[in-house]
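Visitor: Please show me the sequence and the model, and then let us go through some of its charged and nonpolar side chains.

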Amino acid sequence: MRILALDVGTSSVKAAVLDVAAASPVGPVARVPYDLDHPTPDAAEVPPERLWSAVTAAARSAARAAEGAEAVGLSCLAPALVLLDAADRPLRPVWTHLDRRARPAARQVWAAVGPEFLAATGNRPLPGGISVLCYRQMLVEDRTCSAASAITCT
């Protein structure tokens, strides 16, 4: 059996058709880099369109070089927050695990309930862009939210 394996990393997407029995690539490994945006020093985000473009380019390249994939295997970059609208379209850029804009909110939680809560939720010492605190920070920063986007802004 052959699978199209995709590895979506923090700075590139790698893809190859793998022979499962031989545990090796059938053809070359395609690598498509993409840039993260840093609109502020604490930010690390990528527009969904840029990420999707890298995924599809790597997949096409690997699939053309070695035909015959019967399945797809996917490994994605460390957790990232992707908010979708009612039609499953991304609402905003993807905040990656390197994003640190939620740290002020994490410090508030830390002060209110202690470090045990953040440790128990896997956010030690302070979270990146992958938690409910990140979502809260998005709401604080984005005053253009609307009912149509299914997000309630405060």
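Visitor: With which residue does D37 form a salt bridge?

Guide: This is a predicted model in which local features need pLDDT of at least 70, side-chain atom pairs count only at pLDDT 80 or more, and totals for chains, interfaces and linings use all residues. Residues are numbered from 1 along each chain as its sequence is written, and side-chain values use heavy atoms, with hydrogens and water left out. Taking a salt bridge as a side-chain nitrogen of Lys or Arg within 4 Å of a carboxyl oxygen of Asp or Glu, D37 has its closest N and O atoms 2.9 Å from those of its partner, R50.

Visitor: Is E45, which forms a salt bridge with R101, buried or exposed?

Guide: The closest N and O atoms of E45 and R101 are 2.8 Å apart, and R101 also meets D99 in a salt bridge at 2.5 Å, N to O. Buried means under 20% relative accessible area, exposed over 50% and partly exposed in between, with a 1.4 Å probe and protein chains only. Because the relative accessible area of E45 is 10%, E45 is buried.

Visitor: Which backbone oxygen does the side chain of T56 reach?

Guide: T56 lies in helix 1, where helices (H or I) are DSSP runs of at least four residues and strands (E) of at least two, numbered from the N terminus. T56 counts as buried because its relative accessibility is 18%. At 3.1 Å, its side chain reaches the backbone oxygen of S53.

Definitions and conventions. A polar contact is a pair of N or O atoms within 3.5 Å; within protein, one must be able to donate a hydrogen and the other to accept it, and residues adjacent in sequence count only if both atoms are side-chain atoms.
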